[in-house]
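Please open the model in your viewer and keep the sequence panel beside it, since each stop on this tour begins with a selection.

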Amino acid sequence: MSFKETVNRIKNLKVQGAENVAIEAVKSLKEVIKESKSKNISGILADLYHAKNILFLTRPTEPCMRNALNYVMHELDYDNPIELTKALCLKVDEVLERFDKNQRIIAQVGSRKIKNGSVVFTHCHSSTILKILKEAKKQGKRFEVHNTETRPLYQGRVTAKEVAKLGIPVTHFVDAAARFALKKADLMLIGADAITTEGKIINKIGSELYAEIANKYDIPVYACTDSWKFDTETIFGYEEEIEERKGKEIWKNPPKGVTVDNFAFEKVSPDLITGIISELGIYKPHIFIQEIRNNNKWMFKKHLF
Ligand code: RUB
């Protein structure tokens, strides 16, 4: 697949979910090198940085993609193009292996929260949550899933389809019925697109509303995420940008005078989160931020900002 095709697939949500977006973006760097017509190091690096900037703009609320691209491209100090290419490809593979390994750890840890007879509520479509559910099923646990359709793009249908395919009973609700879905649940698991320095989780629009309802019914809320979804720029006071999509996704031809608001994500307050489940273990949001710093020193190097 060409670099341009990958960019369009990410932009048009043919690839969705933070981790899948990061994986496809990182893979596309190999394509950039293949497609590059530059013969020297500075030319190839310029092509790579240009590609990185294009990818950054595909979806604004995706620090996991930004961190993954930054990781691959930091310390690429080589004298000849062949060495540079080799090093870049190795780093891409390293990142892909890292995501895979971390997903397996998160699946193990997260699955421990699912008991026999549990009803798990989830929203949108998160590859991380799917892996947790799959792992719990593999361990022989009997449980159910309640999930919401996730307007306007119905990623909840993807979740329902995949959960049913795993042989787990799943009941699908319209978004406005989330209270009913949650009332009968005993665990809420959501993914994350970004994590801020204040310990806020950014996930699909509706996530905070549902977390508030879950809190009201004393249902634990876990955000399940790779630590690379942390946005280092929030340390310096930058707000995490919330992706605003075209109103047409919600209503193709609204009457004159009607404005359609279509934010893709929202922030979930750390007070509503029981714990963050990541490859580093389960922590309250503020401790999790410290753990990210301890375990990802490269992310905090000044030149990356
Ligand atoms: C997807 C979404 C997911 C997170 C986490 O939104 O909000 O919950 O991205 O997914 P969209 P994962 O469909 O707009 O990309 O666990 O796969 O990283």
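Leaving aside its neighbours within four places in sequence, which residues is I44 in contact with? Before selecting I44, please bear in mind that this is a predicted model. Once I44 is displayed together with its surroundings, the residues to look for are I33, S36, S38, P81 and L84, which are its contacts beyond the neighbours within four places in sequence. I44 itself is found in helix α3, which covers residues 41-58, and because its relative accessibility is 6%, I44 counts as buried. If you then add C89, which is 45 residues away from I44 along the chain, the C-alpha atoms of the two are separated by 14 Å.

Next, select helix α4, residues 63-73. Is α4 enclosed or exposed? Since 11 of its 11 residues are buried, α4 is largely enclosed by the rest of the structure. The buried residues are P63, C64, M65, R66, N67, A68, L69, N70, Y71, V72 and M73, and what they pack against is α2 (18-35), α3, α5 and β5 (194-195). Just beyond the helix, it is worth pausing at E75, which follows α4 and has a positive phi, near 55 degrees.

With α4 still on screen, add helix α2. The axes of α2 and α4 come within 8 Å and cross at roughly 30 degrees, and the two helices are therefore roughly parallel to each other. Their crossing is right-handed. To see where they meet, show the side chains of A18, V21, A22, A25, V26 and L29 in α2, and opposite them those of C64, M65, A68, L69, V72 and M73 in α4. Coloured by class, the residues of this contact divide into 12 nonpolar, no polar and no charged.

Now hide α2 and bring in helix α5, residues 81-111, whose axis comes within 9 Å of that of α4 and crosses it at roughly 140 degrees. How are α4 and α5 oriented to each other? An angle counts as roughly antiparallel when it is over 145 degrees, and α4 and α5 are therefore described as oblique to each other. The crossing of α4 and α5 is, again, right-handed. Here C64, A68, Y71 and V72 in α4 meet L88, K91, V92, E94, V95 and F99 in α5; by class, this contact has eight nonpolar, no polar and two charged residues.

Staying with α5, move along the helix and select S111, which has its place there. At 0% relative accessibility, S111 counts as buried. Not counting residues up to four places away in sequence, S111 touches I106, I132, E135, A136, Q139 and K141, so please display these together with the S111 side chain.

For the last stop, zoom out and colour the chain by domain. The domain assignment of the protein gives domain 1 as residues 3-105 and domain 2 as residues 109-300. The C-alpha centres of these two domains lie 25 Å apart, and the contact takes 24 residues from domain 1 and 27 residues from domain 2.

Definitions and conventions:
Residues are numbered from 1 along each chain as its sequence is written. This is a predicted model: local features need pLDDT of at least 70, side-chain atom pairs count only at pLDDT 80 or more; totals for chains, interfaces and linings use all residues. Side-chain values use heavy atoms; hydrogens and water are left out. Axes are lines fitted to C-alpha atoms, for helices over the stretch in contact, and angles run from 0 to 180 degrees between N-to-C directions. Helices (H or I, at least four residues) and strands (E, at least two) are DSSP runs, numbered from the N terminus. Angles under 35 degrees count as roughly parallel, over 145 as roughly antiparallel, 65 to 115 as roughly perpendicular and the rest as oblique. A crossing is left-handed if the near helix is turned anticlockwise from the far one by less than a right angle, and right-handed if clockwise. Contact means heavy atoms within 4.5 Å. Ala, Val, Leu, Ile, Met, Phe, Trp, Tyr, Cys and Pro count as nonpolar, Asp, Glu, Lys and Arg as charged, and the others, Gly among them, as polar. Buried means under 20% relative accessible area, exposed over 50%, partly exposed in between (1.4 Å probe, protein chains only). Domain bounds come from an automatic or database domain assignment.
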